[in-house]
Amino acid sequence: MIVITAPTGNIGRPLLSRLLESAPVGEELRVIVRDPGRLPDAARGRVEVVTGSHGDTEVLDRAFEGADAVFWLVPPDASRTPQDAFSGFTRPAAKAFAAHGVGHVVGVSALGRGTPLADRAGLVTASLAMDDLIAGSGVAYRALANPSFFENLLEEADSIRDRGVFTDSVDADRKAPLVATADIAAVAAGLLLDRSWTGTGSVPVLGPRDVSPNDLARIMTEQLGRPVRYERRPLDELHTGLVGHGLNEAFVQGLVDMKRAKDQGLDAGVARTPDTASPTGFEQWCTQTLKPAVLS
């Protein structure tokens, strides 16, 4: 029995699809979802559904009964402090893993562990603390150590369409790993299906090569057939804007601290090897995913 949290999100949806395609006979799938209506049609009648939040103890007790493995993803909640958003949300699950004898957990986390920036990287620091919490529950645990996602650019689709501009807060020439969420899902599926691993550790998922914002702008210009440029947004402006929209100030500060750490090389601490690289390049993702969103 594999339990999948957040099965309708950018990582959970392709993960669920992969597991539906490749899980062997006898491997049951169970999902925790707030709105079962958002599940893909292919899942209907083929997965057991537990309705509710995976931050709720009663929901977890139902979902983890008889579970061998769990895919754990914390949904972003900008109404909480970073510590509460990650470890606070996960604490009931850590207790439930032990109570129900869950053997293996695969979690979505971040790059940065072991770097000089790890303890001052805001949301990343909170995510690494969550990993420690899960590891301390006694399960075999693998933290998927991810950089930023290509999919973050979908939030910029309107600006790219209307103004030919996307923004971030890092230096325009700062090269760093970026990854497609479908590649993260593929790694997660492999770990969940092959549960021969033991102990705790991180599994970096780095994409095929490092790219800078200027690289992204050039590729988007080529793939979209229209000029696209990058604008660097000051961190104090980002902070003021997000707090003005009513987000928790500590969460916003955590986001700002994470972006500052990334601009200082937070994601550069792991070497890309055949084991840490993932296949989807930005050109491919831009053509398949961003271009339809921008030109729709």
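Modeller: One definition before we start on this predicted model. Buried means under 20% relative accessible area, exposed means over 50%, and partly exposed is what falls in between.

Colleague: Then why does Lys 259 count as partly exposed?

Modeller: Its relative accessibility is 21%. That value is not under 20% and not over 50%, so Lys 259 falls in between.

Colleague: What makes Lys 259 and Asp 168 a salt bridge?

Modeller: Their closest N and O atoms are 3.0 Å apart. The cut-off is 4 Å between a side-chain nitrogen of Lys or Arg and a carboxyl oxygen of Asp or Glu, so the pair qualifies. It links distant parts of the chain: Asp 168 sits in strand S8, Lys 259 in helix H9, with their positions 91 residues apart in sequence. Asp 168 is partly exposed too, at 28%.

Colleague: How do you know that Arg 195 pairs with Glu 27?

Modeller: The closest N and O atoms are 3.2 Å apart, so this pair also passes the 4 Å limit. Arg 195 is in the loop between helix H6 (181-193) and strand S10 (200-204), whereas Glu 27 is in the loop between H1 and strand S2 (29-33). They are 168 residues apart along the chain.

Colleague: Are the two partners buried or partly exposed, and why?

Modeller: One of each. Arg 195 has 24% relative accessibility, so it counts as partly exposed. Glu 27 has 15%, which is under 20%, so it counts as buried.

Colleague: What ties Arg 209 to Glu 283?

Modeller: A salt bridge, with the closest N and O atoms 2.9 Å apart. Arg 209 lies in the loop between S10 and helix H7 (213-224), and Glu 283 lies in helix H10 (residues 282-295), so parts 74 residues apart in sequence are tied together. Arg 209 is partly exposed at 35%. Glu 283 is partly exposed at 30%.

Colleague: How many salt bridges does the structure hold, and which residues form a network?

Modeller: There are 21 salt bridges. Lys 175, Asp 215, Arg 218 and Glu 222 are linked in a network of them.

Colleague: Turn to the interior. Why is Val 165 called buried?

Modeller: Its relative accessible area is 0%, and the limit is under 20%, so the label follows. Val 165 is in strand S8 (residues 165-168). Setting aside residues up to four places away in sequence, Val 165 touches Glu 156, Ser 159, Ile 160, Arg 229 and Glu 231. The C-alpha atoms of Val 165 and Pro 227 are separated by 8.6 Å, at 62 residues apart along the chain.

Colleague: Why does Asn 146 count as buried?

Modeller: At 2% relative accessibility it is under 20%, so buried is the right word. Asn 146 is found in strand S6.

Colleague: Which residue's backbone oxygen lies 3.4 Å from a polar atom of its side chain?

Modeller: That of Ser 109. The polar-contact limit is 3.5 Å, and 3.4 Å is within it. Ser 109 is also among the residues Asn 146 touches, which include Val 108, Leu 111, Ile 184 and Val 205.

Colleague: What makes up the largest nonpolar core?

Modeller: It has 43 residues. Those with the most contacts inside it are Val 3, Phe 64, Trp 72, Phe 97, Val 105 and Ile 134. Elements giving two or more residues include helix H3 (82-100), strand S5 (104-110), helix H4 (123-135) and helix H9 (249-263). Another core lies apart from it, with 30 residues, among them Phe 71, Ala 140, Val 179 and Leu 191.

Colleague: What does Val 105 touch?

Modeller: Beyond four places in sequence, its contacts include Val 70, Trp 72, Phe 97, Ile 134, Tyr 141 and Trp 197.

Colleague: What is notable about the phi of Ala 6?

Modeller: It is positive, about 50°, although Ala 6 is not a glycine. Ala 6 is in the loop between strand S1 (2-5) and helix H1 (12-22).

Colleague: Now the whole chain. How do you know that its radius of gyration agrees with a compact globule?

Modeller: For 296 residues, a compact globule would have a radius near 19 Å; the chain has 19 Å, so the two agree. The C-alpha trace spans about 55 × 40 × 35 Å along its principal axes. Of the residues, 50% count as buried. The secondary structure comes to 10 helices and 11 strands.

Colleague: What share of contacts joins residues at least 24 apart?

Modeller: 77%, among contacts between residues at least 6 apart in sequence.

Technical notes: Residues are numbered from 1 along each chain as its sequence is written. This is a predicted model: local features need pLDDT of at least 70, side-chain atom pairs count only at pLDDT 80 or more; totals for chains, interfaces and linings use all residues. Side-chain values use heavy atoms; hydrogens and water are left out. A nonpolar core is a set of buried Ala, Val, Leu, Ile, Met, Phe, Trp, Tyr and Cys residues joined through side-chain atoms within 4.5 Å. Buried means under 20% relative accessible area, exposed over 50%, partly exposed in between (1.4 Å probe, protein chains only). Helices (H or I, at least four residues) and strands (E, at least two) are DSSP runs, numbered from the N terminus. Contact means heavy atoms within 4.5 Å. A polar contact is a pair of N or O atoms within 3.5 Å; within protein, one must be able to donate a hydrogen and the other to accept it, and residues adjacent in sequence count only if both atoms are side-chain atoms. The radius of gyration is taken over C-alpha atoms; the globule rule is 2.2 Å times the number of residues to the power 0.38.
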